[in-house]
Amino acid sequence: MQFHAVNRVAVVLLGSERCTNDWISPYLRRHGGFVDLLFLVYDSPWVNDKDVFQWPLGVATYRQFPVVMPNSHMVSSARPFLCNFLGTVYKNSSRETLMGILKQTGLDKECITTGREKWLPQETVESLRQYQTALAQSELTLCPVGINTECYRIYEACAYGSVPVVEDMLTPGGCSAARSSPLRLLKAAGAPFIFLKDWKELPGLLEKEKMMSHEERTERRRRLLEWYSSFRQQMKDRFTEVLEETFFKNS
């Protein structure tokens, strides 16, 4: 930047889960910096669709989550489990509540559940395999909030056609508290998820799941996979469109 060798700068930022990204503010061009465009993960109140755009979190590639290619077997095969949740269970969290409800109702026997007390930055080969198997063999993937409502699990479930059941609750911090939040980007795109405000609703939901026919489940899976593919393409198109408009249109 000192030698003026770069004329235009766009940044894709995996922002703070609490939306505290003040460190980059001075670098934005409107504040005298050199960053023309910022694509920012999570429901930041900065997003204005002019120079700050929201970007989806996506899957955890840093933990070796693979690119999953949909196939007919993924759509049509019978899945032996109603739901899954494999993850860290923090003390006094909604995740602890979720696990308790599954155990109390006996529904844990119809779902794949594995909890651990401490978050681990990397998966082992075996734990990654178990996680992928759980996604592929479950109709639903339970997505309780962590530090933020948006999590890798949501996108990873979509990749395998397992419908995300999302805890639709705002988390503490500086993220937007507008009516469309949390997950405003996904909601605006018409994500075919199941949104719950309280895990106490889960037993009733799972009882309804048991009544669904194989054909109904297959059709829902197909819609989810098609939506996810379309959403990814839309984000790619939007990204290149914004770059072209900002960097090249008036060049």
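# Exercises on a predicted model

The structure holds 17 salt bridges (a side-chain nitrogen of Lys or Arg within 4 Å of a carboxyl oxygen of Asp or Glu). This is a predicted model: local features need pLDDT of at least 70, side-chain atom pairs count only at pLDDT 80 or more, and totals for chains, interfaces and linings use all residues. Residues are numbered from 1 along each chain as its sequence is written, and side-chain values use heavy atoms, with hydrogens and water left out.

**Exercise 1.** Find what the salt bridge between Asp36 and Arg8 ties together, and state the burial of each partner.

*Solution.*
- Step 1: distance. The two side chains meet at 3.5 Å, N to O.
- Step 2: location. Asp36 lies in the loop between β1 and β2 (37–41), and Arg8 in the segment before β1, so the pair ties together parts that are 28 residues apart in sequence. Helices (H or I, at least four residues) and strands (E, at least two) are DSSP runs, numbered from the N terminus.
- Step 3: burial. Buried means under 20% relative accessible area, exposed over 50%, partly exposed in between (1.4 Å probe, protein chains only). Asp36 has 10% and is buried. Arg8 has 43% and is partly exposed.

**Exercise 2.** Treat the bridges Asp168–Lys197 and Lys249–Glu245 in the same manner.

*Solution.*
- Step 1: Asp168 and Lys197. Their closest N and O atoms are 3.5 Å apart. This pair links distant parts of the chain, 29 residues apart: Asp168 sits in the loop between β7 (163–167) and α5 (184–188), Lys197 in the loop between β8 (194–196) and α6 (202–211). Asp168 is buried at 9% relative accessible area.
- Step 2: Lys249 and Glu245. Here the closest N and O atoms are 3.6 Å apart. Lys249 is exposed at 57%. Glu245 is partly exposed at 45%.
- Step 3: a network. Salt bridges also link Glu139, Glu209, Arg220 and Arg221.

**Exercise 3.** Describe the second largest pocket by volume, lining and residue class.

*Solution.*
- Step 1: definition. On a 1 Å grid over the protein atoms alone, a pocket is an open set of points where a 1.4 Å probe fits, with protein on both sides within 12 Å along at least five of seven lines; lining residues have an atom within 4 Å of a point.
- Step 2: volume. The value is about 520 Å³.
- Step 3: lining. There are 23 lining residues, and Pro56, Gly58, Val59, Tyr228 and Arg232 lie nearest the centre. The elements giving two or more residues are β1 (10–13), α4 (152–159) and α7 (214–248). The largest share, seven residues, comes from α7.
- Step 4: class. The lining has 17 nonpolar, four polar and two charged residues. Ala, Val, Leu, Ile, Met, Phe, Trp, Tyr, Cys and Pro count as nonpolar; Asp, Glu, Lys and Arg as charged; the others, Gly among them, as polar.

**Exercise 4.** State how enclosed α4 is, and what follows it.

*Solution.*
- Step 1: Seven of the eight residues of α4 are buried, so this helix is largely enclosed by the rest of the structure. Among them are Arg153, Tyr155 and Glu156.
- Step 2: Just after α4, Gly161 takes a positive phi of about 75°.

**Exercise 5.** Work out how β4 and β5 are arranged.

*Solution.*
- Step 1: β4 (residues 81–88) and β5 (residues 111–116) run parallel, joined by six bridges. Pairing requires at least two DSSP bridges.
- Step 2: Thr88 stands opposite Arg116 in β5.
- Step 3: With helix α2 (residues 94–105), the two strands make a right-handed β-α-β unit. Right-handed means that, with the strands pointing away from the viewer, the path from the first strand over the helix to the second runs clockwise.

Note on methods:
Grid points are joined across faces, edges and corners, and a volume is the space filled by probe spheres set on the points.
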